[in-house]
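Below is a note on a model that I was asked to look over, arranged as numbered points so that each can be checked against the coordinates.

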Amino acid sequence: MYEKITPPTTGAKITFKNGEPVVPENPIIPFIRGDGTGIDIWPATEKVLDAAVAKAYNGTRKISWFKVYAGDEACDLYGTYQYLPQDTLTAIKEYGVAIKGPLTTPVGGGIRSLNVALRQIFDLYTCVRPCRYYAGTPSPHKTPEKLDVIVYRENTEDIYLGIEWKQGSEIGNRLIKILNEELIPATSEHGKKQIPLDAGIGIKPISKTGSQRLVRRAIKHALLLPKNKQQVTLVHKGNIMKYTEGAFRDWGYELATTEFRQETVTERESWILGNKEKNPNISAEENARQIDPGFDALTPEKKAQIVKEVETVINRIWDSHGNGKWQEKIMVNDRIADSIFQQIQTRPDEYSILATMNLNGDYLSDAAAAIVGGLGMGPGANIGDSCAIFEATHGTAPKHAGLDKINPGSVILSGVMMLEYMGWQAAADLIKKGLGDAIANGQVTYDLARLIEPPVQPLKCSEFADAIIKHFG
């Protein structure tokens, strides 16, 4: 089955049932060390994960690590340009859950990005990026401790699907001609818009299936959170792109109010229910006026539409959600993308789970990570229905490779996410405690040490791992 690698002789496979992992006591987990500083941060990560599992479960559980190859290290073993060998794909497919360090993006033709390729090959449609603050971590923000969000980013659609044509290409020119001369004039909504003849062309597909399966995972995650954090915010630019980003929002609400009807309430529904609770005799029209401040300036048709909305909400969910019961449900709301960027800085404690399309989520997760200490502390996961890969969110930093100085926090915290995904919460909690206590005591690598006031002596990458383990308690 394998050309150049051999699976461990002990351990068992993780399987999947209804999109969720079924984990044995001794799972075999493939790992990709990673390029550049992967040579330093992976050994530190493995040491911390193994120590946490051993302590949490007194030796009754153990991970059997299976080394597989990707990136430059794969080329060294399999040959030039073999950045993603079949052995690695076979192992990840067979064992279901994997973890990886940072990978080099190949220069030139072929694979655009190894990370994107893995997501597409295994249909890892959900990118999960938690951003929370550990006390003592240097931050440019005055109150970083208020931010504790999880970004659920769609991984397979939007502009990251990568369908585009170069300016001046034959297909690109043909497409512009067809759009300008046939398709755009055929609909009145686009007016006299024309695409410049010297433009490059990209396609931005957003599907109902892709949108709803992402939102489904976000809501399922919200169900596991404390009551005060049970909120899912749909992030979009639907005020401009109504049939892609606006549709993402609409399909998210549709899923929440059908598949999760008993568990969720939308923000707008909460206003309608709250108004009736304050005034049981309120009319539908007055309720509509209160939820839409511009009600009186609307056309009769629009007024009737909002009144009908109020009546429908009261008739359908008053018994199940009224009289304050909605306050125990998951709140589903939406925010315009540019607005949420400022709100995670000005009102960060108002948000919990942010469900986004690919590009918005890419920007948003990095911006949130910067608030709580940067990408060096940012974990990530790519999850599908039959596979999950956990990964560092930063680059390879080759100039630091082999110096035992880089911060392994991103991969270690990605390992925490992996343990939580596997249901091994006790081990995950040990690592979070150990890492948090190490940072609070100024036991950090150079990237954090140089920003702490007063300055502290930086630890090596390997020493930081040891400090985390010592703080397990």
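The points that follow treat the sheet, a helix packed on it, the internal spaces and one helix residue.

1. The model under discussion is a predicted one, and every value quoted here should be read as computed from that prediction.

2. Eleven strands make up an open sheet with mixed pairing, and their order across the sheet is β4-β3-β5-β15-β14-β6-β7-β13-β10-β12-β11. The edge positions are taken by β4 (64-68) and β11 (264-266), each of which has a single partner strand, so one side of each is left without a neighbour in the sheet. Direction ignored, neighbouring strands of this sheet are turned by 25° against each other on average.

3. At the β4 end of that order, β3 (residues 28-32) runs parallel to β4, and the two are paired over five bridges; in this pairing Ile28 stands opposite Ser64 of β4. Strand β3 is also joined to β5 in the parallel sense, here by two bridges, and Ile32 has Lys100 in β5 as its bridge partner. Strand β5 in turn runs parallel to β15, with four bridges between them, and Lys100 has Glu391 as its bridge partner in β15.

4. Are the residues of β5 (97-100) buried or exposed? Val97 and Ile99 on one side of the strand and Ala98 and Lys100 on the other are all buried, and both faces of β5 are therefore covered, with buried here meaning under 20% relative accessible area. Lys100 thus appears both as a buried residue of β5 and as a bridge partner of Glu391.

5. Helix α12 (residues 358-371) packs on the sheet, where it touches β6 (126-132), β7 (148-154), β10 (231-236) and β13 (353-356). The direction of α12 makes about 155° with that of β7.

6. One cavity of 30 Å³ or more is counted in the model, and the largest cavity holds about 30 Å³ of space. Its lining consists of Lys100, Asn115, Leu118, Arg119, Asn382, Ile389 and Glu391, and the elements that give two or more residues to this lining are α4 (114-121) and β15 (388-392). The largest share, three residues, comes from α4. By class, the lining of this cavity divides into two nonpolar, two polar and three charged residues. The bridge partners Lys100 and Glu391 are both among the lining residues.

7. The largest pocket has a volume of about 980 Å³. Of the 32 residues that line this pocket, those closest to its centre are Ile150, His221, Leu224, Leu225 and Glu420. Two or more lining residues come from each of β2 (20-22), β6, β7, α6 (208-223), β14 (379-383), α13 (409-422) and α14 (425-440); of these, α13 gives the most, with six residues. The pocket lining comprises 19 nonpolar, five polar and eight charged residues.

8. A last point concerns Ile121, which lies in helix α4. With 46% relative accessibility, Ile121 counts as partly exposed. When neighbours within four places in sequence are left aside, Ile121 is in contact with Leu84 and Leu89. Ile121 and Lys93 are 28 residues apart in sequence, and their C-alpha atoms are 9.8 Å apart in space.

Key
Residues numbered from 1 in each chain as written. Predicted model: local features only at pLDDT ≥ 70, side-chain atom pairs only at ≥ 80, totals over all residues. Heavy atoms only, no water. 1 Å grid on protein atoms, 1.4 Å probe; cavity = no way out; pocket = protein on both sides within 12 Å on 5 of 7 lines; lining within 4 Å. Points joined across faces, edges and corners; volume = space filled by probe spheres on them. Nonpolar A, V, L, I, M, F, W, Y, C, P; charged D, E, K, R; others polar. Pairing = 2+ DSSP bridges. Axes fitted to C-alpha atoms, helices over the stretch in contact; angles between N-to-C directions. Contact = heavy atoms within 4.5 Å. Buried < 20%, exposed > 50% of the residue type's maximum accessible area, 1.4 Å probe, protein only.
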